[in-house]
Each structure stands twice: as C-alpha cells, then as structure tokens.
Amino acid sequence: MKAKIIGTGCQLPAYTADNEYLSTLVETSDEWITERTGIRMRHLVQEETTTSLAAGAAGKALAAAGMQAEEVELLIVATITGDTETPSTACRVQAELGAVNAVAFDINAACSGFLYAVHIADAFIRSGVYKNALLIGAETLSKLVDWTDRGTCVLFGDGAGAAVVAAAERGGVVAQSIGSNGSKWEVLSCAARPVRNPVRRDEEPCGYLRMDGQEVFKFAVKTVPLCIEDALEKAGMHPEEITYYLLHQANKRIIQSVAKRLKQPEEKFPMNIDRCANTSAASLPILLAQMDAEGKLHPGDKLVLSGFGAGLTWGACVLEW
Ligand code: UT7
C-alpha cells in the first residue's frame, strides 16, 4: 500500500499587494521584482490566520476526497508561522475541522515542509499504521518578514494548501529523495523570541527572516535537479515520462534553470509564482490544488514534486495521479 492523493484544496487571503504597492514601502520596482523573480503580486493576511487558512484548505481537500473530518487518522501541518508557539497549528486545525480521531502535529522543514509531510505519511501508510492522512502546508510569512528589507519582503506571500492521502494499491507515491544539511542553517533563518528570564535578559529584538539570497539560489539550482534525478532513478523512470514537474515557487529563474538541467520543456513546469509569490511550505500544495481545480491532472499522470528551503532542506517525490 502506498499513499495516494485523493483530494486537494487551497485557501488564499483575500487581500493582494502588487509590486507597485511594495515600491511605496521599500526602494524597489515592479521591473526589478518581475525580472529577478517572476513575482507580480502576493496575498497577505488581514483577518485570516495560519489556522484559518489551513482549515479552509483542508475543508476543501476533504470535500474533494469525499471524506468526513472524523475519518482522518493523521493530520500534519507543515509550517514555520503557526499562530501559537504551542499548541501546534495541527491541533488547532483539528479543532476547527472536528477531526476528533486524528493524531495531529506540526513539522518545521520550511519550504520543503509539504514534501517532508508526504514522506512521513507515506511511511506510516506503507507500514500499515494509518490508512489516511490530511497533509497541509500553511504559512503567514508576512509576519516573519522585515518590511523594511527589500532583499526579502518582496519575495514572500501568505496562503495554505492541503491534500488528503489514502492507502492505495495502485498509483500514489512511487519514490522519494529527501535530505537536510544543518551545517548551512545560517543561510536562511529567523531567530526565535529572545530569552528574558530572571537570570538572563537578551536585548535582541524579535527575529525576522534573514537570507543570503545568492547562496540559496546556488544551492537550489544545484540540489533540486540532483534530488529529482535521484528520485526518478529510484522510480525507474526517465525525465520524459513525467507529465508535470511541480517545483517550489521561490524564483522563476530557479525553475527555468532546473528545467534546462533536466532537458525538459518549460511547459512541464507549471507556475503560480506571479500571483502567489513564495508561500514556503504552502507553495507546493497550493500549486497542486490549483492545477487539480483547473482539471489539468488526469489519472495515470506522473508528477514530480520538488522543493528546497531553510535548514537547509530539500526533497523530491515522484507520484502517479
Ligand atoms: O524558499 C527559499 C527562499 N529563498 C529563495 O529561494 C531565494 C533564492 N534567491 C533568489 O531568488 C535571488 O537571489 C534573489 C531574488 C533573492 C535576489 O536576486 P539576485 O539576482 O541574486 O540579486 P542580488 O542579491 O545579487 O542583488 C542584485 C542587486 C543588489 O544591488 P547592487 O549591490 O548590485 O547595487 C541588491 O541590493 O539588486 C539589489 N536588490 C534589489 N533591488 C531592487 C536586492 N533586492 C532588491 C529589490 N529591489 N527588491
């Protein structure tokens, strides 16, 4: 038995900010952002929270799967922007949905988080521990971003995507390649709140996202093709056999570079980065749900999902729709 996606959904905040608007906040331009990243606009939360976006996406995924919330056995939220330090976002989503029988927990693998969630769910399903799982990537990155730092604030957006996976004999996850390199953690990080206890008083302000963009770029264009090739080799498949490559939406130029390295046409690499920007762990499930809703995915299609992010972390998953 393997984990097979049987329903998807996504939820984006109502408010959108275009590049022109950002150029009123920091010294930037629509031309710079569009040319260097492919981003034209991003969704930002006003009333919404990470929990409400996650629950919204999850509700749609459950409806698409024809499942009741009480049937969910495992509920994983991949996020770095929960609404509370504790409890987990997963527990709060569990309460919103009424998924009373689920084991619920969060994972932090930044932009690779959804792939890590698939990895965990597939292992549990293959081993027979659980028969299904609700996997959610949900972020409100706008609260981690320093809105005076043009090097990062133009890149990120808020949103959530979800997928229900269930045990299946045919189709589903065929092979994965996944990894982490903690020695490079400083390349992309966000400090936790400072220690202020009776015996120590750190003076640093609350942390914001800090990134060495060029280092992340170099890491991504090198590592993503390698892990996709590794996953394809494990699956016994050639790049041509893949219908679509869904890559983490961080930068259009990274996606184009991966397409070139794999010698595959760009049309096989769908993008929503122009509308959604980089939504970290939510990026892949949002793209997947949008393609599903647009009727672009058909039974038997072979997909590769691949991403990279803080940690450093990365992953690729070959699956049959
Ligand atoms: O989910 C993973 C998260 N992160 C990523 O995937 C990020 C990967 N990296 C990237 O996408 C790119 O490195 C960036 C988009 C972040 C930056 O693009 P770049 O082509 O690597 O630009 P750069 O950092 O080399 O900067 C070029 C110039 C600099 O000015 P000078 O020193 O040449 O005068 C920057 O200060 O562009 C300047 N710059 C900007 N200018 C206008 C940096 N950000 C901006 C901005 N608007 N927003």
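This report walks through the ligand site, the two largest pockets and a few unusual backbone spots in a predicted model.

## Around the ligand

Let's start with the ligand. Its shell is made of 22 residues, and the closest of them are T28, Q214, H248, N251 and N278. Sorted by class, that shell holds 10 nonpolar residues, eight polar ones and four charged ones.

Which helices supply at least two residues each to the shell? They are α2 (30-37), α6 (150-153) and α7 (213-235). Of the elements involved, α7 has the largest share, with four residues.

## Polar contacts and burial

Two side chains reach oxygen atoms of the ligand. In H248, a polar side-chain atom sits 2.8 Å from a ligand oxygen. For R253, an N or O atom of the side chain is 3.0 Å from an oxygen atom of the ligand. R150 takes part through its backbone instead: a polar backbone atom there is 3.0 Å from a nitrogen atom of the ligand.

How much of the ligand does the protein bury? On its own the ligand would expose 960 Å², and the protein buries 72% of that area.

## The pocket that holds the ligand

The ligand takes up the space of the second largest pocket. That pocket has a volume of about 540 Å³. Its lining has 25 residues, and the ones nearest the pocket centre are G151, L155, M211, G213 and N251. N251 is also listed among the closest residues to the ligand.

Several elements build this lining. At least two residues each come from α2, α6, α7, α8 (252-261) and β14 (302-309). Once again α7 turns up with the largest share, giving four residues to the lining of the second largest pocket. The class split for the lining is 11 nonpolar, 10 polar and four charged.

## The largest pocket

So much for the ligand's pocket; what volume does the largest pocket have? About 840 Å³ of space lies there. It is lined by 33 residues, with I80, T81, E85, L144 and C190 closest to the centre.

Here the elements that give two or more residues to the lining are strands: β5 (103-107) and β9 (188-190). The top contributor is β9, with three residues. As for chemistry, the lining of the largest pocket counts 17 nonpolar, 11 polar and five charged residues.

## Backbone oddities

Some background for this part: most peptide bonds are trans, and most residues other than glycine have a negative phi. Where does this model have cis peptide bonds? One joins T86 and P87, with omega at about 5°. P87 belongs to the loop between β4 (74-78) and α4 (89-97). Another cis bond runs from G311 to L312, and its omega is near -5°. L312 is in the loop that links β14 to β15 (313-320), and β14 is one of the elements lining the second largest pocket.

Then there's K263, a non-glycine residue whose phi is positive, at about 55°. You'll find K263 in the loop between α8 and α9 (273-276). The α8 helix, like β14, supplies at least two residues to the lining of the second largest pocket.

Notes
Residues numbered from 1 in each chain as written. Predicted model: local features only at pLDDT ≥ 70, side-chain atom pairs only at ≥ 80, totals over all residues. Heavy atoms only, no water. Near = heavy atom within 4 Å. Polar contact = N/O pair within 3.5 Å; in protein donor to acceptor, adjacent residues only side chain to side chain. Areas by Shrake-Rupley, 256 points an atom, 1.4 Å probe, with all protein chains shown as cover. 1 Å grid on protein atoms, 1.4 Å probe; cavity = no way out; pocket = protein on both sides within 12 Å on 5 of 7 lines; lining within 4 Å. Sits in = over half its atoms within 2 Å of the grid points. Nonpolar A, V, L, I, M, F, W, Y, C, P; charged D, E, K, R; others polar. Points joined across faces, edges and corners; volume = space filled by probe spheres on them.
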